[in-house]
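Colleague: Could you take me through one part of this model slowly, the ligand sites and the sheets that go with that stretch of chain? I'd like one connected account rather than a list.

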Amino acid sequence: MKNYDILQHVKGESQFVDDILVPEGLLYAAVYYSQIAHGKIISINLDKAEKINGVKSIFTSKDIPGDNQIGGIIQDEELLATDKIEFIGQPIAIVIADNQLNAKAAARLINLELEKLPAVFDARKAAKNNLLIVPPRTFSQGSTEDCWSECDYIVEGQADSGAQEHLYLETQSAIAYPVEGGGIKIISSTQSPTVVQKVTARILNLSMHKVEVDVLRVGGGFGGKEDQATSWAAMAGLAAFKLKKPVKLILPRQEDMRATGKRHPYSSDFKIGLKKDGSIIGYEVTFYQNAGASADLSPAILERTLFHCTNSYYIPNIKATAISCKTNLPPNTAFRGFGGPQGMFVIESAIFKSAEVMGVDPAEIQKRNLLNENDEFPYGQKAENCNTKRTWEKAERLYFINKIRSDVKYFNDTNDIYKKGSAVMPICFGISFTNTSMNQASALVHIYSDGSVSISTAAIEMGQGVNEKVRQIAAEIFSIDIGKVKTESTNTTRIANSSPTAASSAADLNGKATEQACNNILLRLKKTAAEILGKNNFESIKLKNGIVYDSNIKTDLDWSKLIKTANLNRVNLSSHSFFATPDICFDRTKEKGKPFAYHVYGTAIIEVTLDCLRGIYKFDSVKVVHDFGKSFNQLIDRGQAEGAIVQGLGWMTIEEIMYDDQGQLLTDTLSTYKVPDIYFTPEMEIDFLENAENPFGIFKSKAIGEPPFMYGIGGYFAILKAMKAFNQQLDYFFNAPLTPEKVLMNLYRKS
Ligand code: MTE
Ligand code: LUZ
Ligand code: MOS
């Protein structure tokens with residue numbers, strides 16, 4: 001347990017928003033939400049609610065001094081509904097009271113007069129009615145029109161994947177304080193303090209410097225707080241601003257599940273053409289993304305689906321179209337993988353179905369089409385330092401894939417009720433925000449006169465260990481004990497205009513900024529040391545384990561003496577540094593460019609055992625060869641890989657979001673929404689691919705947060721194979737999640 005943050009968590013010492021000591025006079029907020037999926041507000045009656053004991057005020061859209069608008073990419077989402085209601089769980093009013101119970105009780109007494117309108121929940125239906133968030137986008141390469149005649153096999157089909165609840169442990173939370181000069185300070189559980197700052201400023205009609213946002217840590221985000229932490233912070237901000245009192249808004253779990261968006265469900269059509277030898281000649285795909293009621297991050301997520309629609313494969317002729325469909329569900333949002341997993345599930349389904357038609361193992365087709373060095377992706381970037389095949393081949397050798405296959409076969413030949421299946425899942429994920437301008441970060445490093453170090457960056461610690469990595473970077477550059485280095489909260493007054501902690505790139509971007517800031521100070525320190533030692537040249541000076549060395553000879557100057565002297569000599573012991581990813585670009589008029597700094601590669605082998613009497617399954621193992629670059633914290637990186645794999649398997653199998661025909665979420669508690677637990681978790685073997693130094697990452701590492709999520713997709717196909725071993729007449733279907741209920745229904749179905 002070397003990760004300092006985790007050690008604090010285990011001891012219960014880490015502070016989340018709800019743990020922060022609160023000032024006197026704190027008020028509590030409860031939100032009043034829409035109960036219908038589509039309609040018009042005719043009137044809002046607050047009379048009864050206002051009479052509840054302890055109620056201080058109730059705010060509706062009329063009370064917003066600025067622009068009632070929280071949309072980021074598209075300005076299409078109100079903070080509080082004025083007259084249009086577009087989903088169940090849409091905020092309409094905020095009740096402020098002396099405690100949470102009174103606030104809630106009052107919220108229940110708000111009365112709405114409504115006109116109901118017909119609602120749409122299905123993406124394809126929305127597309128038919130031309131209810132789109134943005135115009136469709138198409139990525140293409142080669143020509144799919146001319147390619148089909150070259151193919152020996154043409155296979156068509158449909159693949160659907162479901163929504164997924166983020167289930168971060170800390171629900172959406174914020175505390176807002178009025179501050180001197182009419183400003184506001186907000187403590188928020190957000191992945192994006194700058195978005196909270198910008199939106200709150202717009203809502204309150206303040207300039208951004210009057211809104212300070214501070215984030216100590218986030219109790220899990222997984223993308224669910226990239227955009228959707230904002231409205232709660234802005235609501236607390238609005239109330240604190242109006243009442244000149246501190247206001248706390250913590251969503252109860254059930255409200256959080258009902259009112260926030262999830263991973264986007266997708267429904268997709270594919271057509272794939274192959275030669276007899278298994279090489280894929282052409283691939284056409286249309287993605288219908290269920291965006292929910294407003295844009296949120298959907299257009300960016302849609303784009304990443306297109307970027308990753310060919311996963312780890314080279315396909316010469318491609319036409320991929322993605323359609324973002326507006327429905328009457330809560331706006332769906334970022335979730336680990338950001339549309340990538342949805343795209344990859346479809347190509348994997350297409351390959352799986354082709355394998356059945358051709359009578360071969362899907363792995364044969366997968367392997368034959370793996371990317372080679374310098375192969376071009378449909379978006380114009382070339383696969384460089386492409387480790388796809390290396391991870392695949394190493395996984396085959398290291399985990400004895402032939403033995404896995406023969407063991408599965410033997411097991412299936414000798415068991416009637418239990419069946420096993422295995423699948424191979426390669427992944428390829430691009431690192432960088434696909435919106436080029438977001439690839440920037442900064443760091444502010446101070447060394448105090450006693451030699452202790454304080455670092456602020458834009459990175460938000462949310463369990464992924466980015467703070468530990470930042471500390472490591474500083475400790476490594478100064479060559480001091482990591483205990484001397486502290487990471488501070490992320491605060492908009494120290495770190496401005498930051499991008500969200502997302503796209504797996506927080507350690508890369510903020511780590512690079514930290515590296516530069518530390519190197520700036522280090523240079524000054526070396527010069528100071530040279531002066532102290534009476535040298536006119538600092539090039540021979542080195543810091544090692546808290547001691548100054550001159551030409552590799554130990555001196556009696558140590559870190560604390562060096563810092564003290566530097567401070568007395570009026571040397572600047574602080575540095576602010578900025579990093580922007582170089583050499584990336586993307587042209588949306590041509591849909592071509594080099595959007596990613598680099599790609600992450602890997603291969604997993606997944607094994608499952610299926611109980612064909614009950615339809616339940618247990619993943620036996622996930623065996624991975626993963627390209628971590630040159631990891632500088634194997635403990636954190638392994639933890640990220642393991643967590644992502646389990647989350648990916650959950651999405652593909654047991655996690656099922658259900659709405660009723662009115663758009664009301666049915667799976668809004670942990671008794672109805674099943675997520676992986678420790679018993680679900682398979683044995684995992686994770687191999688770090690050697691000689692994988694990444695020239696573009698911090699300390700030659702690669703980003704780790706999201707890519708391993710997509711290994712989970714293999715879980716779906718492993719189960720399908722086990723099902724086929726039981727029921728040879730099974731017609732393959734690609735409709736995730738593959739819940740035990742769905743398995744059972746299909747095990748006994750005769751086609
Ligand atoms: N790990 C934990 N424990 N908690 C989280 O919320 N979020 C994931 C991933 N790993 C998350 C996590 C997501 S969606 C992303 S984008 C990355 O962490 C973000 O952090 P990074 O950029 O530092 O990898
Ligand atoms: N967020 C974002 C992301 O705004 N842009 C991205 O490209 C992205 N990718 C992955 C996860 N979050
Ligand atoms: Mo992660 S979906 O980029 O927050």
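Modeller: Here is a walk through the two ligand sites, then two sheets with their helices, and finally two backbone details. Keep in mind that this is a predicted model.

Let's start with ligand 2. Its surroundings are made up of E226, R304, F338, F433, T434, M438, A502, A503 and E706. Sorted by class, that shell comes to 5 nonpolar, 1 polar and 3 charged residues. What does the side chain of R304 do here? One of its N or O atoms sits 2.9 Å from a nitrogen atom of ligand 2. The backbone joins in as well: a polar backbone atom of T434 is 2.9 Å from an oxygen atom of ligand 2, and a polar backbone atom of A503 is 3.4 Å from a nitrogen atom of the ligand. On its own, ligand 2 has 290 Å² of accessible area, and the protein covers 97% of that.

Now over to ligand 1. Here 19 residues form the surroundings, and the closest are G221, F222, M462, A506 and Q640. How does this shell divide by class? There are 7 nonpolar, 10 polar and 2 charged residues around ligand 1. Two of those closest residues also turn up with backbone contacts. An oxygen atom of ligand 1 lies 2.7 Å from a backbone N or O atom of G221, and an oxygen atom of the ligand is 2.9 Å from a polar backbone atom of F222. S504 adds another backbone N or O atom, at 3.4 Å from an oxygen atom of ligand 1. The protein covers 92% of the 520 Å² of accessible area that ligand 1 has on its own.

On to the sheets. A quick reminder before the details: strands in a sheet pair through backbone hydrogen bonds, in either a parallel or an antiparallel way.

The four-stranded sheet is open, with the order β19-β18-β17-β24 and mixed pairing. Which strands stand at its edges? They are β19 (485-487) and β24 (574-580); each has a single partner strand, so one side of each is left without a neighbour in the sheet. Direction ignored, neighbouring strands here are turned by 20° against each other on average. Look at how β24 is held: 7 bridges join β24 to β17 (residues 440-447), and the two run antiparallel. If you want a residue pair to find that register on screen, take L444, whose bridge partner in β24 is H576. Helix α14 (residues 466-478) then lies across β17, β18 (453-457) and β19, and it runs at about 150° to β19.

The other sheet is open too, with 3 strands in the order β21-β22-β23 and antiparallel pairing. Its edge strands are β21 (541-544) and β23 (553-558), each pairing on one side only. Neighbouring strands in this sheet are turned by 35° against each other on average, again with direction ignored. β21 pairs with β22 (residues 547-550) over 4 bridges, in the antiparallel sense. A handy marker is L543, which has V548 in β22 as its bridge partner. This sheet also has a helix lying across its strands: α16 (residues 559-568) lies across β21, β22 and β23, at about 55° to β23.

Last, a couple of backbone details worth a click. Where is the cis peptide bond? It joins A736 and P737, with omega at about 5°. P737 is found in the loop between α18 (713-726) and α19 (740-747). The other detail is N374, a residue other than glycine with a positive phi, near 70°. N374 also belongs to a loop, the one between α11 (362-368) and α12 (388-398).

Notes. Residues numbered from 1 in each chain as written. Chains lettered and ligands numbered in written order. Predicted model: local features only at pLDDT ≥ 70, side-chain atom pairs only at ≥ 80, totals over all residues. Heavy atoms only, no water. Near = heavy atom within 4 Å. Polar contact = N/O pair within 3.5 Å; in protein donor to acceptor, adjacent residues only side chain to side chain. Areas by Shrake-Rupley, 256 points an atom, 1.4 Å probe, with all protein chains shown as cover. Nonpolar A, V, L, I, M, F, W, Y, C, P; charged D, E, K, R; others polar. Pairing = 2+ DSSP bridges. Axes fitted to C-alpha atoms, helices over the stretch in contact; angles between N-to-C directions. Contact = heavy atoms within 4.5 Å.
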